[in-house]
Amino acid sequence: MQKSWLQWSGIGLLWAGLVSPSALAETLTGAVLDADGQPVAGAVVEWVGSNRQALTDAAGRFSLEDLRGEEVELHIMAPRFVHQQLHVDLDEGPVTIRLRPTRIEVIEVVALPWHASTLESAQPVNVIAGDTLARQQSSTLGETLKNEVGVHTNYFGPVASSPVIRGLSGPRVLITQNGLDAGDVSRVGPDHLVTTETSTAEQVEVLRGPATLFYGSGAIGGVVNIVDGRVPTDNQLAGQWHLKHDNVADEKLVSASVTGGTGSWATHVDGFWRESNDYRIPVAAERETHDADHDHEHEHTDEVFDGRLDNSAYRAKGANVGASYLLDNGFVGVSVGRLERTYGIPGHSHESHDGEGDVDVYADLEQDRVQLISELSLDHAWFSALNTRLGYTDYRHSEIEEGVPLTTFANTSREVRAELFHHPVAEWRGAWSLQYKHQDFSAEGAEAFTPPSETESLALGWMEERHFGPVQVQLGARVERVELSADQVTVPMDDQPGLLAAYQVKQTFEPFSLSAGAVWDFTEGYNLGLSLSRAQRAPSAAELYSFGPHIGTSSYEIGALYDLHEEADGHFHAEVSPAAVELETSNNIDLTLRKFEGDVGFTLNAFYNQMDDFYYLSATGLEAEDDHADEHDHGEAEHEEEEALPVYHYTARDARLYGVEGQLVWQVASPWRLTLMSDYTRATLNGGEAMPRIPPLRLGAQLEYRLNGWRAELGAQHYFDQDRTANLETESDGYTLVDAQLSYDWEWAAQTMTFYVQGNNLTDTEARPHTSFLKDKAPLPARSLAVGLRSRF
């Protein structure tokens with residue numbers, strides 16, 4: 001294939017980093033102290049724009065070597081302190097740096113191009129890590145993040161649940177692991193699992209709003225990045241293990257990870273095992289199911305009186321092995337991992353071959369994943385660092401009925417991303433990024449509602465940042481070339497019933513994105529963030545080429561490539577549209593106010609997003625007959641039933657999304673801490689019609705008590721009624737969820753041990769998330785009690 005200008009540009013940048021001359025090296029020494037002049041041990045002092053950093057000792061002292069230039073910019077990070085950025089003249093000698101304490105948890109964000117804290121980004125960021133992540137982690141990514149500000153879940157039972165960020169999900173929210181695409185098919189449908197595991201993760205990061213500059217057009221709604229240590233960056237001995245049992249589904253979890261090494265080598269091993277039965281549903285939901293099925297009471301007796309959601313059990317296991325070679329200027333590492341999961345698909349069943357009742361359909365998933373990660377500081381006069389990430393993922397899952405694969409989904413993905421950082425130029429620091437991604441997707445079988453397709457993208461990005469006194473300015477741009485191709489795009493032939501017309505389709509898109517942001521420390525302990533972006537996205541293959549029954553969501557989906565025409569007798573026919581497919585364009589503004597010093601800290605955010613050519617599944621009011629889904633051979637004769645499914649058509653319309661988010665943390669007294677949060681998203685299509693499955697207004701509160709190793713939490717979240725609904729969408733009642741946890745920490749055998757008892761939905765409330773495709777079939781779990789033991793060393 002002939003190389004494009006994007007490829008040649010990236011190759012030229014890399015060669016420039018290899019052939020240019022170096023400059024003389026300098027060493028900077030100093031100390032990091034707190035506001036009272038006491039040393040801060042374990043603080044990270046980083047040379048901005050490079051991978052060089054130093055750790056302070058018990059006296060707060062550090063030594064940073066191999067610096068270039070007359071002046072350098074430092075970034076200082078330490079737990080419970082506000083991160084600090086400052087310029088230092090190398091001729092001044094040892095420096096003294098003072099850090100200010102904060103009640104707001106400040107965490108380094110790996111997902112950003114240069115590591116910054118949650119308080120330093122113009123774009124709103126959520127990060128959960130450490131003990132907080134251990135307390136919140138669940139069997140699915142959506143359930144792990146559902147209590148974060150601005151994040152909800154498209155709950156598909158405990159088996160598949162993806163994050164919903166400000167009302168957006170699916171192909172608009174990119175899920176990455178260590179900065180590389182997860183490589184699954186979770187964005188094709190909500191019944192497909194996100195192939196990540198949070199029990200062995202170090203932290204989970206959520207970038208709210210467009211993150212296209214860093215990750216491409218698939219991140220127009222946000223990014224969720226799971227950070228784990230499968231590719232180790234040092235050889236210090238560290239690890240964790242976790243045992244848990246939850247009675248709501250007899251769920252069991254065992255997970256562990258360890259990192260260590262010697263000399264120039266570092267190694268990492270992690271693994272987990274999960275298993276659960278069908279989960280219990282609240283008594284109110286059980287009663288409603290009984291009333292709704294009154295005419296078939298005898299047939300559904302076991303399901304009703306057992307009080308469990310049928311076909312919601314799962315089994316999962318996985319492991320990763322990684323190793324890195326540690327250099328004086330960074331590291332190069334590789335990891336190999338495998339994930340296996342078998343899970344039921346709630347609401348998905350067919351009549352058995354013997355006609356004796358329904359048979360549940362379950363999914364059998366396997367994924368193999370290889371990652372290579374390298375971060376190197378460069379001994380060069382122009383360039384300071386080169387970060388490289390390569391990933392290969394082989395994913396497959398089959399939906400199985402009575403031991404026979406009904407439909408098989410497969411996805412093979414390859415991704416390469418390189419970031420080349422330059423030394424400050426007129427005090428601007430920045431980087432160029434080059435990214436290539438190729439995905440080969442296929443779906444074969446009775447319920448393959450989208451045809452096999454290939455997606456290939458190549459992108460060049462540019463990001464810059466500079467401080468103007470108390471104002472930090474961030475700029476960026478990205479240009480992409482995306483090619484979608486499919487060889488088996490089909491549409492029924494009106495003049496020959498039962499026959500399909502096949503097409504070969506290849507489409508090329510060139511999304512272009514721009515971003516500008518600023519963070520202003522306008523007074524001590526406060527800052528104001530502003531982010532402006534214009535981002536573009538190429539529609540996904542599923543949004544364009546789908547045509548058929550999607551049983552997981554009980555719908556018949558038709559892609560935007562087709563025009564849909566209703567006929568007089570209530571039927572419809574479709575034909576390939578002659579109109580050009582447009583890019584989806586997002587014009588977004590975010591305004592954030594933060595207070596991070598003193599006993600009270602808060603973050604308030606308001607956003608507005610104008611979407612042009614927004615692709616969504618529009619309810620048509622039509623029905624399609626799914627005659628193949630219920631064709632089964634019963635020996636003497638073949639039983640054929642035609643089940644009508646509602647038709648949904650991917651349609652492009654202009655839309656507006658806007659809302660507010662807020663979180664307040666108040667250290668009431670030494671052991672008492674109160675956290676309040678709220679978020680609200682309003683989303684309408686051009687003309688005033690509401691968008692489907694938008695989360696309602698939410699209010700939450702949590703009271704925490706800590707003393708001498710004891711920790712107690714009591715929290716509640718109230719979800720209001722959602723009566724702003726799309727065409728043919730039903731309203732959702734509000735509900736309140738009350739949770740609590742009690743834990744105790746102690747030191748034993750060089751480990752920090754934690755025993756905990758956790759209760760969820762303590763009031764046994766019937767809760768049906770409006771964002772869920774299964775809200776009428778699968779309420780949230782009933783009251784549950786979990787006990788666990790975990791350790792860190």
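Arg 187 and Asp 181 join their side chains in a salt bridge, with N and O 2.7 Å apart. Keep in mind that this is a predicted model. Asp 181 has a relative accessibility of 6%, so this acidic partner counts as buried, the cut-off being under 20%. Searching the whole structure turns up 36 salt bridges, and the Arg 187 pair is one of them.

Asp 181 also has a place in a sheet. Strand S14 covers residues 180–181 and stands at an edge. This open sheet has 5 strands in the order S10-S15-S16-S13-S14, and its pairing is mixed. At the other edge you'll find strand S10 (125–129); S10 and S14 each have a single partner strand, so each has one side with no neighbour in the sheet. How many bridges join S13 to S14? There are 2, and the strands run antiparallel, with S13 spanning residues 173–177. Across that pairing, Gln 177 of S13 sits opposite Leu 180 in S14.

Now for some more salt bridges, these ones around Glu 704. Here are the two pairs, with their N-to-O distances.

| Salt bridge | N to O distance |
|---|---|
| Glu 704 – Arg 706 | 2.8 Å |
| Glu 704 – Arg 711 | 3.2 Å |

How exposed are the residues involved? Glu 704 is buried at 7% relative accessibility, and Arg 711 is buried too. Arg 706, on the other hand, is partly exposed, with a relative accessible area of 48%. Through shared partners, salt bridges tie Arg 135, Glu 704, Arg 706, Arg 711 and Glu 713 into one network.

On to the nonpolar side of things. In soluble globular proteins, nonpolar side chains tend to be buried together. Here, the largest nonpolar core has 34 residues, and the members that touch the most others are Tyr 279 and Tyr 343. Several strands each put at least two residues into this core: S20 (314–327), S21 (330–351), S22 (358–377), S25 (428–445) and S43 (735–748). There is also a second, separate core of 27 residues, with Val 482, Val 489, Phe 509 and Phe 572 among its members.

What does Tyr 343 touch, leaving aside residues up to four places away in sequence? Its contacts include Val 159, Leu 193, Ala 313, Tyr 314, Tyr 362, Ala 363 and Leu 365, and also Asp 191 and His 192.

Asn 527 is another residue to look at. It lies in strand S30, which runs over residues 526–537. Is Asn 527 buried or exposed? Its relative accessible area is 2%, so Asn 527 is buried. The Asn 527 side chain reaches the backbone oxygen of Leu 119 at 3.0 Å. Beyond residues up to four places away in sequence, Asn 527 touches Leu 119 as well as Val 519, Trp 520, Asp 521 and Phe 522, plus Thr 592, Leu 593, Arg 594 and Phe 596.

Last, a sheet from the start of the strand numbering. This open sheet has 3 strands in the order S4-S1-S7, again with mixed pairing. Its edges are S4 (61–67) and S7 (95–98); each has a single partner strand, so one side of each lacks a neighbour in the sheet. From one strand to the next, the twist averages 30°. Strand S1 (residues 26–33) runs parallel to S7, and 4 bridges join the two. Within this pairing, Gly 30 has Val 95 in S7 as its bridge partner.

Note on methods:
Residues numbered from 1 in each chain as written. Predicted model: local features only at pLDDT ≥ 70, side-chain atom pairs only at ≥ 80, totals over all residues. Heavy atoms only, no water. Buried < 20%, exposed > 50% of the residue type's maximum accessible area, 1.4 Å probe, protein only. Polar contact = N/O pair within 3.5 Å; in protein donor to acceptor, adjacent residues only side chain to side chain. Contact = heavy atoms within 4.5 Å. Pairing = 2+ DSSP bridges. Axes fitted to C-alpha atoms, helices over the stretch in contact; angles between N-to-C directions. Core = buried A, V, L, I, M, F, W, Y, C linked by side-chain atoms within 4.5 Å. Salt bridge = Lys/Arg side-chain N within 4 Å of Asp/Glu carboxyl O.
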